[in-house]
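Hi there,

Here is the structure I promised to pass on. Have a look at it first, and my notes follow below.

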Amino acid sequence: MGNHEETERLSRQRLLKIAAAGGAGLLTTRLGTAQAALDALAAESGRLKVLDWPGYGNDGGQSMFASYVKKYPHNKPQFTVMANESDALAKFHAGLKPDLFRPYVGWVKYFATSGLVQPWDPKLISNFKHLNPFMVKAGQYKGKQYGIPADWGFDAILYRSDKVTPKARSWGLIFDDRYKGKIAWFDDLNMLTVAGLYLGFPRPWRQSDSELRKAQQFLIKKKKNVRLIWSSETDLWQAFGSGELWIAYAWPNDWVQMKKKKLKVVYMRPREKPVAWVGMFMVLKGSPRRRLAHAYVDAWSSTRSAKWLEDNYGYGHANVLARPSSSDLLKALQLTNTRAVTEPAAHLDRDIPRRAQYARMWEEVKASG
Amino acid sequence: MAVAEAGTAAAPPRRRRRRLSLATPSLLGVPLAWLGVFFLAPIAIVAAYSFDVYSLYPGTHGFTTAAWHDFLHSPVYLRLFWKSVQMSLIVSAVVVALAYPLAYYLALSGTKRKYVLLLLLIAPFLTSYLLRVLAWKVILGNQGVINSFLFWTGMRSPDHPISQLLYSRFAVMLVLGYVWLPFVALPIFVSLESMDRRLLEAASDLGASRLWAFFRVTLPLSLPGVVAAFLFVFIPTLGEFVTPSLVGGASGYMYGNQIVDLFGTGFPDWETGSVLALFLLGVVAALTVVFSRFLRSGQAAVG
């Protein structure tokens, strides 16, 4: 009995020792990993080089990365502006080497397969768990997280309800002959996709040659109705606000801005469905500041930054905890629906395998007439 | 001694000749190098892009005339070019017609304040080009100066403003005309001012009326200035892209906008963009040659 008790005590002691050793080991491993991360972070030096859209750097977007600047005052971000993804692509090939940039979801596959970017390590982004799972998945390619979702919104139709009577809840409104000279299109090859949606093509992002030709001819025929093909929201707001335009291919924030101007406006979700887009941060292959890039994206992904973006820029943010102050925006973005950017609510923008062909045909539409 | 003297006497001209022969290339060297590096080399690079023998983008590249073939067989680009030519011709002709009387008054009226007036003419250049173009948006918009005036006078109701003032071809031509007017007035002014006034007196002595003297003496003598002024407007407006992108809307889109967009938006298509740019350069160069020959023959005829 005594031996048994001793054996039992010993085994307990041993167990405790093993547990203690294991715990210490685990702690050491964890501490070791954390230390390694800190060491790696400390080893990264210089300013973080960010390639981003206008308005997201030190020209108004400081609140999005304020916590990063506070934490890493010696590695403040240094911005270069990108006009669009193809501009970013041209800059990379011309020798620009940023640490990270932010293309939109339709380009994830393109960049993931281009050899220009590397996957993120979500474990290094503490706010990653708050990001919309559907959007997170949209940032993956072959199981790897190439894009960290950030801002999002829709392409749909904005119109003046006191001037316009739509025949149907349809994309057809931006082609309506009754409103010649009062319509605005968006300067993007997505116009061919939208034409494809309206014309009922089964795969508007992968149109056949004959479908593309039909979509292009349709746009050329309807271009006579178009007053402005906008590429800057400011131009759209100015023209729409002054009454030059009554109908526009627009984003949710444009509706909010026009409401602020006391215009009677409706943001219509067409029956063919709006097209949704999500901004995706990507880290460049060979970036010498990979961990700092993670820290920067972590700051962008915080609930505080997300709410600021929604309140000030009128876009949605992938952080599901963020809610804008404006109930109008909440409604326009359908923020309570975590699958607002996908079926059955919308078509999520996607890779266009023949992007160059689409782009050429869209340029021809603009050149026509 | 005599030989030595003769030698020293002969030396200076030889040295002068050597100095002269060295001076010419060294003086021309810098501008030629500048032209070579910043004009000819970029054109060569753009030409290489157009034939796909050089590209910033990875992938398979090799000599091809596909972009040239597509351009020459695409009615879209050539029609756009023709549209831009028409717009530029209208702007140039109207602006020259408007600037001529202005330059004539400044050069020949004998006013003592002509240089002050000339300064006033070019005063808009003291503000930025972009600001001057943007100001027209305020003037031409639905709620702009012109429409507001029409509402105020009751000539139009606020529900029916003149909408085609902004975001139209008219807007582009109007703003381009405004921007280039001083450029046009200057060369005409210079050619009129350098004219020998005794020729007008002689014409008068020989019984020519003032109008006849103008058509037979003043106008032919000022033609080089007029042609130069015309080219001053026509060449830059043909490739213009800032003004149409600000006030042109969908219908005021010009050839220059297409070049910019092919390089910058959608998906890079530098091959086609380069073809369009080289075609424009070729047309402008050819026009310059034709006009300069015309100028020379015109001067010879007058002389």
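Let me start with a pair of helices in chain B: helix α3 of chain B passes α9(B) in a right-handed crossing. Please keep in mind throughout that this is a predicted model. The axes of α3(B), residues 75-108, and α9(B) come within 9 Å and cross at roughly 145°. On the α3(B) side, the residues that meet α9(B) are S84(B), V85(B), S88(B), L89(B), V91(B), S92(B), V95(B), V96(B), A99(B) and Y100(B). From α9(B), they are met by V226(B), A229(B), F230(B), V233(B), F234(B), T237(B) and L238(B). By type, the residues of this contact are 13 nonpolar and four polar, with no charged ones.

Helix α9(B), residues 210-238, also packs with helix α7(B), residues 169-193, at an angle of about 155° and with their axes 8 Å apart. That angle makes α7(B) roughly antiparallel to α9(B). Here too the crossing is right-handed, with α7(B) passing α9(B). The α7(B) residues in the contact include W180(B), F183(B) and P187(B), and those of α9(B) include P224(B), G225(B) and F232(B). This contact divides into 14 nonpolar and four polar residues, and again no charged ones. If you want to see where α9(B) serves both partners, click on V226(B), A229(B), V233(B) and T237(B): they are among the α9(B) residues that meet α3(B), and they are also among those that touch α7(B).

Now to chain A, where helix α6 (residues 190-198) and helix α7 (residues 209-222) pack at an angle of about 100° with their axes 9 Å apart. α6(A) and α7(A) are therefore roughly perpendicular to each other. M191(A), L192(A), A195(A) and G196(A) come from α6(A), while α7(A) brings E211(A), L212(A), A215(A), Q216(A), F218(A) and L219(A). The residues of this contact are seven nonpolar, two polar and one charged.

Chain A is divided into domain 1 (48-148 + 276-335) and domain 2 (153-275 + 350-367). Their centres, taken over C-alpha atoms, are 26 Å apart. The contact between them takes 14 residues from domain 1 of chain A and 13 residues from domain 2 of chain A. On the domain 1 side, α4 (108-114), β12 (275-284) and α12 (327-333) of chain A each give two or more residues. The largest share of that side, four residues, comes from α12(A). In all, the domain 1 side holds eight nonpolar, four polar and two charged residues.

And how many residues of each chain meet where chain A touches chain B? The contact has 30 residues of chain A and 24 residues of chain B. At least two residues each on the chain A side come from α3 (85-93), β9 (226-230) and α13 (355-367) of chain A. α13(A) gives the most, with nine residues. The chain A side comprises 12 nonpolar, eight polar and 10 charged residues.

Finally, a word on confidence. The model scores ipTM 0.84 and pTM 0.84. Chain B averages a pLDDT of 86, and 90% of its residues score at least 70. Among the elements of chain B, helix α10(B) (residues 242-248) has the highest mean pLDDT, 95, and helix α1(B) (residues 2-50) the lowest, 75. Over residues 1-10 of chain B, pLDDT stays under 50, and the model has zero contacts for them beyond four places in sequence. Where pLDDT is low, the predicted coordinates should not be read in detail.

Happy browsing, and all the best!

How values were computed. Residues numbered from 1 in each chain as written. Chains lettered and ligands numbered in written order. Predicted model: local features only at pLDDT ≥ 70, side-chain atom pairs only at ≥ 80, totals over all residues. Contact = placed C-beta atoms within 7 Å. Nonpolar A, V, L, I, M, F, W, Y, C, P; charged D, E, K, R; others polar. pLDDT = per-residue confidence, 0-100. Axes fitted to C-alpha atoms, helices over the stretch in contact; angles between N-to-C directions. Parallel < 35°, antiparallel > 145°, perpendicular 65-115°, else oblique. Left-handed = near helix turned anticlockwise from the far one by under 90°. Domains from an automatic or database assignment.
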